[in-house]
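Biologist: I am new to this structure. Please take a close look at one part of it with me, and keep it brisk.

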Amino acid sequence: MDSLDTVQKHELPPTNQKRMVAFINHFIVSTVTFLNKFASDCETRFVDYEQKIQNLEASLMIVEAKLASIDVLKQLPDNSSAAKEDNARTIEPPAITDTTEPGAVEEEKESQNPEKDAQPDPPAPEKDPKYEPYFKMLHFGVPLGAVKNKIASEGLDPNYIDRFL
């Protein structure tokens with residue numbers, strides 16, 4: 001070991017240039033081969049995933065078309081209550097035929113409906129018809145996040161649906 005420690009590096013003979021070039025060429029060729037194989041494998045995987053995504057999109061479109069063809073889903077779940085409210089608003093109260101003083105009639109009306117005057121019903125926001133399929137999806141148990149992703153993928157505002165929840 002002492003003899004190795006005493007060897008001066010400046011006294012060693014230079015490395016053969018041809019041998020050094022052969023090592024460098026081998027390194028470059030093996031590195032490029034590895035990178036080409038790696039890039040090819042990545043591209044193959046990307047193509048496979050793209051095909052899987054296209055199959056999922058096709059399946060989703062088929063399911064959406066089937067859901068859209070169901071007559072029960074085409075009916076609004078809120079139609080019956082909305083129709084009742086509209087009917088209740090359009091029905092006028094019967095005319096008062098009492099011969100009492102007009103001021104007494106107004107006082108009597110106010111005393112009968114104090115809650116109605118104190119808290120007027122705020123107008124309910126109207127649902128945009130283009131969002132109706134998404135409300136149906138929520139009605140059938142599709143998670144809110146998935147519905148919002150679908151809305152965003154079709155270029156609509158995903159936060160619109162939060163106003164009605």
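Biologist: In which helix is isoleucine 151 found? Please start there and work outwards.

Modeller: Isoleucine 151 lies in helix α8. One caution before the details: this is a predicted model.

First, the setting. The protein has 8 helices and 0 strands. Along the sequence the pattern reads α-α-α-α-α-α-α-α. Of the 165 residues in the protein, 7% are buried. Isoleucine 151 belongs to that buried group, because its relative accessible area is 0% and buried means under 20%.

Next, the neighbours. Leaving aside residues up to four places away in sequence, isoleucine 151 touches Tyr131, Tyr134, Leu156, Asp157, Pro158 and Ile161. Take tyrosine 134 from that list. Tyrosine 134 is 17 residues from isoleucine 151 along the chain, yet their C-alpha atoms are separated by 7.5 Å.

That pair leads to the helix packing. Two packed helices are described by the angle between their axes and the distance between the axes. Here the partners are α7, residues 132–139, and α8, residues 144–153. They pack at an angle of about 160°, and their axes are 10 Å apart. Angles over 145 degrees count as roughly antiparallel, so α7 is roughly antiparallel to α8. The crossing of the two helices is right-handed.

Who makes the contact? From α7 come Tyr134, Met137 and Leu138. From α8 come Leu144, Val147, Lys150 and Ile151. By type, the residues of this contact divide into 6 nonpolar, no polar and 1 charged. An α-helix has 3.6 residues a turn, so residues three or four places apart point the same way.

Now look from the side of α7. Its buried residues are Glu132, Tyr134, Phe135 and Met137. The cover over those buried residues includes α8. Tyr134 and Met137 are on the buried list, and both also take part in the contact with α8. After α7 comes glycine 141, with a positive phi near 95°.

Finally, step back to the whole protein. Its accessible surface comes to about 14,800 Å², and carbon and sulfur atoms account for 58% of that. Among contacts between residues at least 6 apart in sequence, 43% join residues at least 24 apart.

To return to the start: isoleucine 151 sits in α8, is buried, and is part of the contact with α7.

Notes. Residues numbered from 1 in each chain as written. Predicted model: local features only at pLDDT ≥ 70, side-chain atom pairs only at ≥ 80, totals over all residues. Heavy atoms only, no water. Helix = DSSP H or I, 4+ residues; strand = E, 2+ residues; numbered from the N terminus. Buried < 20%, exposed > 50% of the residue type's maximum accessible area, 1.4 Å probe, protein only. Contact = heavy atoms within 4.5 Å. Areas by Shrake-Rupley, 256 points an atom, 1.4 Å probe, with all protein chains shown as cover. Axes fitted to C-alpha atoms, helices over the stretch in contact; angles between N-to-C directions. Parallel < 35°, antiparallel > 145°, perpendicular 65-115°, else oblique. Left-handed = near helix turned anticlockwise from the far one by under 90°. Nonpolar A, V, L, I, M, F, W, Y, C, P; charged D, E, K, R; others polar.
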